[in-house]
Amino acid sequence: MEIDILKESITEWVAAQPDDMVFEPKDGFYSFTIVAEAYQKGMEDERKRFIEEMRLKYLDKAKLVVSATNELIKGLSDRKFVLHKFILNHSLSNSLVLLTTDEGTNVDDAFISYVFNEAARIKFEYSQKGLNVSFMFIDEQSKLNIELLKSDGFDFGYSFDDKKVFDL
Amino acid sequence: MKLDHARHNRDACDSFIQLGNYNDWVITTAFYSAIHFIDHKLFPLIDYRGRSVSDIGQFSKMEGVSKHEARILIISLRLPSQNTNFGFLYNQCLTARYINYHVSLETAEKAREKLRLIEEECTNADD
């Protein structure tokens, strides 16, 4: 049920993203796919439709991220590991998910042996669906450098504790 | 060559442990030692699509992802026993900057242990 809230929140967040965030170039370049599709579709007359298609892809990928994350957090929850925050850096080319955990969880061998096997399995499974997703884990008690996260492109936060989106 | 580099970085990791107070460098050198042990063990290979792959750079281009991401993928397919050890090291390296490099001693010691396990499996046929 909680994941439905996250999916809903992320859909609203994607809808509010300006076009230049959706088309944000990676390392100064747009992906080959984006350039090729733009060329193929022609110029002004198709521009609107093209932007709409890209936004839909962006949303579809965001939903896939939520689905991938859900697979991971379900297994963690079954094993009684507690997650606090979901912080996302999302683009058409790749997505980074940062999850915060209880203090000490990151060096707990039971956590390590489960989560990195599962994250690798999910990463491969979703790569076959065109999603390049990576998961990172940090203790909730660590003092996060929010400015650095923001400058790296993390711009969506969801609290599992409060069950709501929060501003980074 | 890769083994030399792996061992060089491993020795640097041990030096940082002995110096103390450089836990961020312990995890960094452990990770950069691990990647060379892993590459030594895995390459060259025939990948899951039947392609001949000489090194991680080529595999990363074929998959259209970074070398680090490509390595995670190939480990999960060809050396899954190291998913957890390598995943732990990669995670610590990725996240250290977001916690202003305040890496605990426990994390540093765990990183060194994970590197030992990676080295053991990746070199057991060589020695």
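1. In this predicted model, β2(A), α5(A) and β3(A) form a β-α-β unit, and its hand is right. The two strands of that unit, β2(A) and β3(A), pair in the parallel sense over 7 bridges. One register point to check on screen: A:T100 has A:I138 in β3(A) as its bridge partner.

2. The unit belongs to a sheet in chain A. That sheet is open and has 5 strands, in the order β3-β2-β1-β4-β5. Pairing is mixed. The edges are β3 (133-139) and β5 (164-166) of chain A, each of which pairs on one side only. From one strand to the next the twist averages 25 degrees.

3. How many bridges link β1(A) and β2(A), and in what sense do they pair? There are 7, and the sense is antiparallel. The connection between β1(A) and β2(A) is a hairpin through 4 residues. Across this pair, A:K85 stands opposite A:T100 of β2(A). A:T100 is thus a useful landmark: A:K85 is opposite A:T100, and A:I138 in β3(A) is the bridge partner of A:T100.

4. Strand β1 (residues 83-90) of chain A also pairs with strand β4 (residues 156-159) of chain A. This pairing is antiparallel, over 4 bridges. Here A:I87 faces A:G157 in β4(A).

5. Is β2(A) enclosed or open to the outside? Strand β2 (residues 95-101) of chain A has 7 of its 7 residues buried, so the rest of the structure largely encloses it. In a regular strand, side chains alternate between the two faces of the sheet. In β2(A), A:S95, A:V97, A:L99 and A:T101 point one way. A:L96, A:L98 and A:T100 point the other way. Both sets are buried.

6. The helix of the β-α-β unit also reaches the other chain. Two packed helices are described by the angle between their axes and the distance between the axes. Helix α5 (residues 109-127) of chain A packs on helix α4 (residues 67-78) of chain B at about 105 degrees, with the axes 9 Å apart. The two helices, α5(A) and α4(B), are therefore roughly perpendicular. On the α5(A) side the contact uses A:A120, A:R121, A:K123, A:F124 and A:S127. On the α4(B) side it uses B:I72, B:L73, B:I75, B:S76 and B:L77. By class, this contact has 6 nonpolar, 2 polar and 2 charged residues.

7. What does each chain give to the contact as a whole? Chain B gives 21 residues and chain A gives 22. On the chain B side, α4, α5 (83-96) and α6 (105-123) are the elements that give two or more residues. The largest share comes from α5(B), with 7 residues. By class, the chain B side has 9 nonpolar, 8 polar and 4 charged residues.

8. Within chain B, α4(B) has a second helix partner to look at. Helix α3 (residues 56-63) of chain B packs against α4(B) at about 95 degrees, with the axes 9 Å apart. That makes α3(B) and α4(B) roughly perpendicular. From α3(B) come B:I56, B:G57, B:F59, B:S60 and B:E63. They meet B:K67, B:A70, B:R71, B:L73 and B:I74 of α4(B). By class, the contact of α3(B) with α4(B) divides into 5 nonpolar, 2 polar and 3 charged residues. Note B:L73: this residue takes part in the contact with α3(B) and also in the contact with α5(A).

Terms used
Residues numbered from 1 in each chain as written. Chains lettered and ligands numbered in written order. Predicted model: local features only at pLDDT ≥ 70, side-chain atom pairs only at ≥ 80, totals over all residues. Axes fitted to C-alpha atoms, helices over the stretch in contact; angles between N-to-C directions. Parallel < 35°, antiparallel > 145°, perpendicular 65-115°, else oblique. Contact = placed C-beta atoms within 7 Å. Nonpolar A, V, L, I, M, F, W, Y, C, P; charged D, E, K, R; others polar. Pairing = 2+ DSSP bridges. Buried ≥ 20, exposed ≤ 12 C-beta atoms within 10 Å, placed from the backbone. Right-handed = clockwise from strand over helix to strand, strands pointing away.
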